[in-house]
Amino acid sequence: MSSELNRAPGRRSLLARARASFYRSKRNGGADCETLRGTHGADFESHAIVSRGISAGCASCFGGSMKPARRYILVKGAFLFVFGNEHATSPLYAVQLTPLKARSEDTVVYLETNLGDLDYSI
């Protein structure tokens, strides 16, 4: 146990270093909507409810919320940026759209893998 405390900072795992950087930046490490729009604008942007995978499942077992929240989404090129609101200073997360295929039913768009597994629903 004492060897863990005396370990050099360069030996920390990649995840620990990324987490430390995230906390130091106070979640302001990304670009806001205006920056992402650039001079040519976004391909698409709107308010939407975004949920990962199947909405019913064991997400609450791991501390996740079963009720998806309303977010602000911006599509630019091959990426979908998900913000907490339109005026957020950085996205909550980004989704690379190239490996996914879209399928729509009524007002819901499903982003699926090539094997047909549901990845996101918007």
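User: Which residue in β3 stands opposite serine 46?

Analyst: Happy to help: serine 46 faces isoleucine 73 there. A word on the basis: this is a predicted model, where local features need pLDDT of at least 70, side-chain atom pairs count only at pLDDT 80 or more, and totals for chains, interfaces and linings use all residues. Residues are numbered from 1 along each chain as its sequence is written, and side-chain values use heavy atoms, with hydrogens and water left out.

User: What makes β1 and β3 a pair?

Analyst: Two strands pair if DSSP finds at least two bridges between them. β1 and β3 (residues 70–76) have 6 bridges, in the antiparallel sense, so they count as paired under that definition.

User: Why is one side of β1 and of β5 left without a neighbour in the sheet?

Analyst: The open sheet has 4 strands in the order β1-β3-β4-β5, paired antiparallel. β1 (44–49) and β5 (93–96) are at its edges with a single partner strand each, so one side of each has no neighbour in the sheet. From one strand to the next, the twist averages 25°.

User: What is the strand order in the open sheet that contains β7?

Analyst: That sheet, also of 4 strands, has the order β2-β8-β7-β6 with antiparallel pairing. Here β2 (51–52) and β6 (101–105) are the edge strands, each with a single partner strand. β6 and β7 (residues 108–112) are joined by 5 bridges, and arginine 103 has tyrosine 110 in β7 as its bridge partner.

User: Why is the set with Ala48 and Tyr120 called a nonpolar core?

Analyst: The term means a set of buried Ala, Val, Leu, Ile, Met, Phe, Trp, Tyr and Cys residues joined through side-chain atoms within 4.5 Å; buried is under 20% relative accessible area, exposed over 50%, partly exposed in between (1.4 Å probe, protein chains only). The largest such core has 10 residues: Ala48, Val50, Ile73, Val75, Leu80, Val82, Val95, Leu100, Leu111 and Tyr120. β3 and β4 (79–83) each supply at least two of them. Another core, of 7 residues, lies apart from it and includes Cys33, Leu36, Phe81 and Phe83.

User: Which residues does valine 50 touch, leaving out those up to four places away in sequence?

Analyst: With contact meaning heavy atoms within 4.5 Å, valine 50 touches Pro68, Ala69, Ile73, Tyr93, Tyr120, Ser121 and Ile122.

User: How many helices and strands does the protein chain have?

Analyst: There are 3 helices and 8 strands. These are DSSP runs: helices are H or I of at least four residues, strands E of at least two, numbered from the N terminus.

Technical notes:
Axes fitted to C-alpha atoms, helices over the stretch in contact; angles between N-to-C directions.
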